[in-house]
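Here is a short report on selected contacts and backbone features. Please read it with the model open.

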Amino acid sequence: MSLYAEGLTVLTVSSLAAMKQAGEKISCLTAYDASFSALLDQAGIDVLLVGDSLGMVIQGHNSTLPVTIDEMVYHSRSVASARKRAFVVADLPFASYATPEQALQNAARLMQAGGVQMVKLEGAKIAVINFLVEQGIPVCGHLGLLPQSVNRLGGYKVQGRDQQQAQRILADAEQIEQAGAGLLVLECVPAALAAAISKRLTIPVIGIGAGLDCDGQVLVLYDMLNISVGKRPRFSKNFMADASSIDEAVRHYHHAVKNAQFPGPEHSY
Ligand code: KIV
């Protein structure tokens with residue numbers, strides 16, 4: 001039985017913290033429109049992430065870089081308006097949070113016009129996170145593989161494999177928590193590193209390609225429904241393979257996350 005029984009009330013950042021405290025895994029999927037938002041919400045998914053991955057899976061770009069704040073506000077509004085219970089997080093897109101002031105202006109748009117409860121930003125932008133939190137804006141950090149930095153990283157590669165990189169990611173995670181973030185996404189890092197960070201932090205850590213021992217899991221919706229253009233990443237899984245409908249696939253994912261049956265070693269590094 002979930003600590004926050006499905007269908008009762010809108011989840012908050014405190015509900016997610018309480019789930020971590022109680023050892024309850026947090027299920028999360030990306031969502032970009034009202035129909036999927038309602039379907040995922042009714043299936044019990046805890047967190048809907050309006051990810052800038054929409055640049056790839058909706059718009060057909062080969063990276064998330066072209067996505068604009070106007071587009072993020074548009075999709076956020078569609079998702080937020082259709083859900084009853086799930087906690088909604090939206091990405092600040094590429095180059096929209098270079099300074100604390102710019103971040104505040106864009107985060108405020110996502111919250112006021114988009115209706116989201118939290119904004120996510122990539123990297124250890126400590127001054128920006130501090131400032132947003134001071135202004136009352138809940139922040140989700142994002143470490144490991146940073147898709148908005150794909151040109152600097154030289155591709156979509158696992159991060160934190162060597163000791164020095166792993167120490168850097170752990171230190172950044174601690175600083176992000178100290179700056180007041182309420183959630184952290186860890187993308188494409190070795191499972192052992194993600195487990196250590198999840199244990200060290202008090203805020204929930206949501207993994208994607210980060211192994212089983214995170215406090216929750218997120219996948220790109222279109223990858224797990226096997227409808228993305230191109231190859232599905234190794235860390236994802238086709239939940240449609242054993243389902244007779246999208247609703248069933250989403251419910252299988254939700255239960256697999258809650259019962260720590262996903263990801264398996266074949267989806268981890
Ligand atoms: O944009 C997105 O979908 C994301 C997830 C990959 C975590 O940031």
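## Asp215 and its polar contacts

The side chains of Asp215 and Lys20 meet in a polar contact of 2.8 Å. A polar contact is a pair of N or O atoms within 3.5 Å; within protein, one must be able to donate a hydrogen and the other to accept it, and residues adjacent in sequence count only if both atoms are side-chain atoms. The Asp215 side chain also reaches the backbone nitrogen of Val205, at 2.8 Å. This is a predicted model: local features need pLDDT of at least 70, side-chain atom pairs count only at pLDDT 80 or more, and totals for chains, interfaces and linings use all residues. Residues are numbered from 1 along each chain as its sequence is written, and side-chain values use heavy atoms, with hydrogens and water left out.

Asp215 sits in the loop between strands E7 and E8 (216-219). Helices (H or I, at least four residues) and strands (E, at least two) are DSSP runs, numbered from the N terminus. Asp215 is buried, with a relative accessible area of 13%. Buried means under 20% relative accessible area, exposed over 50%, and partly exposed in between (1.4 Å probe, protein chains only). Neighbours within four places in sequence aside, Asp215 is in contact with Lys20, Glu24, Lys25, Ile26, Ser198, Ile203, Pro204 and Val205. Contact here means heavy atoms within 4.5 Å.

## Ile203

Where does Ile203 lie? Its place is the loop between helix H9 (191-200) and strand E7 (205-208). Ile203 is buried, at a relative accessible area of 10%. Apart from neighbours within four places in sequence, Ile203 is in contact with Lys20, Glu177, Ala181, Gly182, Leu183, Leu184 and Asp215. Lys20 is thus listed for Ile203 and for Asp215.

Ser53 lies elsewhere. Ile203 and Ser53 are 150 residues apart in sequence. Their C-alpha atoms are 24 Å apart in space.

## Ligand site

Ser53 belongs to the ligand surroundings. The full set is Thr30, Leu49, Gly51, Asp52, Ser53, Asp91, Lys120, His142, Val185, Glu187, Ile208 and Val220. A residue counts as near a molecule or strand if one of its heavy atoms lies within 4 Å of it.

Which side chains place polar atoms by ligand oxygen atoms? Among them is Ser53, with a polar side-chain atom 2.6 Å from a ligand oxygen. For Lys120, a side-chain N or O atom is 2.8 Å from an oxygen atom of the ligand. For Asp52, the corresponding distance to a ligand oxygen is 3.1 Å. Taken alone, the ligand exposes 260 Å², and the protein buries 95% of that. Accessible areas come from the Shrake-Rupley method with a 1.4 Å probe; for residues, only the protein chains shown count as cover.

## Aromatic pairs

The structure holds five aromatic pairs. Rings of Phe, Tyr and Trp (its six-membered ring) pair if their centres lie within 6.5 Å; planes under 30 degrees apart count as stacked, over 60 as edge-to-face and the rest as tilted. One pair is Phe239 with Tyr253: centres 5.4 Å apart, planes at 85°, so edge-to-face. The pair links distant parts of the chain, 14 residues apart, with Phe239 in the loop between H10 and H11 and Tyr253 in helix H11. Phe239 is buried at 5% relative accessibility. Tyr253 is buried at 0%.

Phe239 also pairs with Phe262. The centres are 5.4 Å apart and the planes at 75°, so this pair is edge-to-face. Phe262 lies in the segment after H11, so the pair ties together parts that are 23 residues apart in sequence. Phe262 is buried, with a relative accessible area of 3%. Lys237 lies over the face of Phe239, 4.8 Å from the ring centre. The criterion for a charge over a ring is NZ of Lys or CZ of Arg within 6 Å of the ring centre and within 35 degrees of the ring normal. Elsewhere, Tyr32, Phe36 and Tyr222 form one aromatic cluster.

## Backbone exceptions

Most residues other than glycine have a negative phi, and most peptide bonds are trans. Phe262 and Pro263 are joined by a cis peptide bond, with omega about 0°. Pro263 is found in the segment after helix H11 (246-258).

Ala260 lies in the segment after H11 too. Its phi is positive, about 55°, although Ala260 is not a glycine. Ala260 is partly exposed, at 34% relative accessible area. Asn226 has a positive phi near 60°. Asn226 lies in the loop between helix H10 (221-224) and H11, and is partly exposed at 40%.
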